[in-house]
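Let's take a walk through this protein together, beginning with a loop and working outward from there. Keep the viewer open as you read.

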Amino acid sequence: MWVRICLPRRIDPRPCHPLYSLHMFMSNILHSINMNAYRGTIYRARPLRLTMIVSPLKGLTMRIQEHVKLSTTAAVVALPWLKQDVWIPLLASIGIDIDHYLWHAVTHRTLSLRAAARYFGQADPPQLPQAKFLHHPIVLGSLFFIALRLRSRFLFLILAGLLFHVSLDVIHISQMKGLKKSLSQQAQYHCPECGKAEAALQLHTLHFANNLLERYAPRHFMVLCPACHEKAHQDAGQAER
Ligand SMILES: [Zn+2]
Ligand SMILES: [Zn+2]
């Protein structure tokens, strides 16, 4: 599907005109989301594949579809107790990762999901705590005290969902650390791709197993030096295009 984005090149209503403030308001919004860059250009609107959305978080946290699977399973187990409220922790557990997107939108001044996917899809994306602020113990602790103070079942259920998600991330990170250590030792701290000696090899996922029991099988991973890892991600990105 081809889409032409046509934005007015210049609107010049008089400052006293009511349209002027609307125009200023709209221009500020358009400027802030970098729409000016697309003014009058033609681009191909491609369907956004699910992989583009879920890939940003690989390595950094557990992938979104894995969170969806595990959180839904937990919700089914909790259904007899929570009944119609079960969707509250479920949505909180799945929605918490929106903090990555929000952080990227604010710091890079773009609402583009594709740009966020590219940023977090780098071989070794910067691990900034502010990019995952909703996962932070201070936010979770504050929510706990507010929930306690207001005696709000709703807030407690949100907190339960967030804590479930964060616990999954903790397990994921410890599994990935263990894999990196054992595979680095196996490779004797040399990159298997280029042979370079490297003290800090990076863990690269070759295959995301659908079966969660197979998820951390060592055969689905390899260690690479930072340069070869970056190249592997670039090649994978090109293959997707
Ligand atoms: Zn290498
Ligand atoms: Zn990788």
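Lys83 sits in the loop that joins helix 3 (64-82) to helix 4 (87-95). This is a predicted model, so everything below describes computed coordinates. Is Lys83 buried or exposed? Lys83 counts as exposed, because it has 8 C-beta neighbours inside 10 Å and the cut-off for exposed is 12 or fewer. Its backbone deserves a look too: Lys83 is not a glycine, yet it has a positive phi of about 50°. For context, most residues other than glycine have a negative phi.

Now turn to the two helices on either side of that loop. Two packed helices are described by the angle between their axes and the distance between the axes. For helix 3 and helix 4, the angle is about 165° and the axes are 10 Å apart. Helix 3 is therefore roughly antiparallel to helix 4, since angles over 145 degrees fall in that class. The crossing of helix 3 past helix 4 is right-handed. On the helix 3 side, the contact is made by His67, Val68, Ser71, Thr72 and Ala75, which meet Pro89, Leu90, Ser93 and Ile94 of helix 4. Sorted by character, the residues of this contact are five nonpolar, four polar and no charged. The spacing along helix 3 fits a general rule: an α-helix has 3.6 residues a turn, so residues three or four places apart point the same way.

Helix 3 has another partner in helix 8. Here the axes come within 11 Å and cross at roughly 130°, which makes helix 3 oblique to helix 8. This crossing is right-handed as well. From helix 3, His67, Leu70, Ser71 and Ala74 meet Phe164, His165 and Leu168 in helix 8. The residues of this contact divide into four nonpolar, three polar and no charged. If you select His67 and Ser71, you will find them listed in the contact with helix 4 and also in the contact with helix 8.

Follow the chain past helix 8 (153-186) and you reach Tyr189, in the loop leading to strand 3 (202-205). Tyr189 also has a positive phi, about 55°, although it is not a glycine. Tyr189 is partly exposed, because 15 other C-beta atoms lie within 10 Å, a count between the limits for exposed and buried.

A contrasting loop residue is Gly121, placed between helix 6 (113-120) and helix 7 (137-150). Gly121 is buried, because it has 22 other C-beta atoms within 10 Å and the threshold is 20 or more. Gly121 and Gly237 are separated by 116 residues in sequence, while their C-alpha atoms are 8.8 Å apart in space.

What about helix 7 itself? The number of buried residues among its 14 is zero, so helix 7 lies largely in the open. Its length makes a neat check: at 1.5 Å a residue, helix 7 should span 20 Å, and its end C-alpha atoms are 20 Å apart, which agrees. Just after helix 7, Arg151 takes a positive phi of about 50°.

Finally, zoom out. The protein has nine helices and four strands, arranged along the sequence as β-α-β-α-α-α-α-α-α-α-β-β-α. Of its 241 residues, 19% are buried. Among contacts with a separation of 6 or more, 64% link residues 24 or more positions apart.

Notes. Residues are numbered from 1 along each chain as its sequence is written. Chains are lettered from A and ligands numbered from 1 in the order in which they are written. This is a predicted model: local features need pLDDT of at least 70, side-chain atom pairs count only at pLDDT 80 or more; totals for chains, interfaces and linings use all residues. Helices (H or I, at least four residues) and strands (E, at least two) are DSSP runs, numbered from the N terminus. The expected span of a helix is 1.5 Å times one less than its number of residues. Two residues are in contact if their C-beta atoms, placed from the backbone, lie within 7 Å. Axes are lines fitted to C-alpha atoms, for helices over the stretch in contact, and angles run from 0 to 180 degrees between N-to-C directions. Angles under 35 degrees count as roughly parallel, over 145 as roughly antiparallel, 65 to 115 as roughly perpendicular and the rest as oblique. A crossing is left-handed if the near helix is turned anticlockwise from the far one by less than a right angle, and right-handed if clockwise. Ala, Val, Leu, Ile, Met, Phe, Trp, Tyr, Cys and Pro count as nonpolar, Asp, Glu, Lys and Arg as charged, and the others, Gly among them, as polar.
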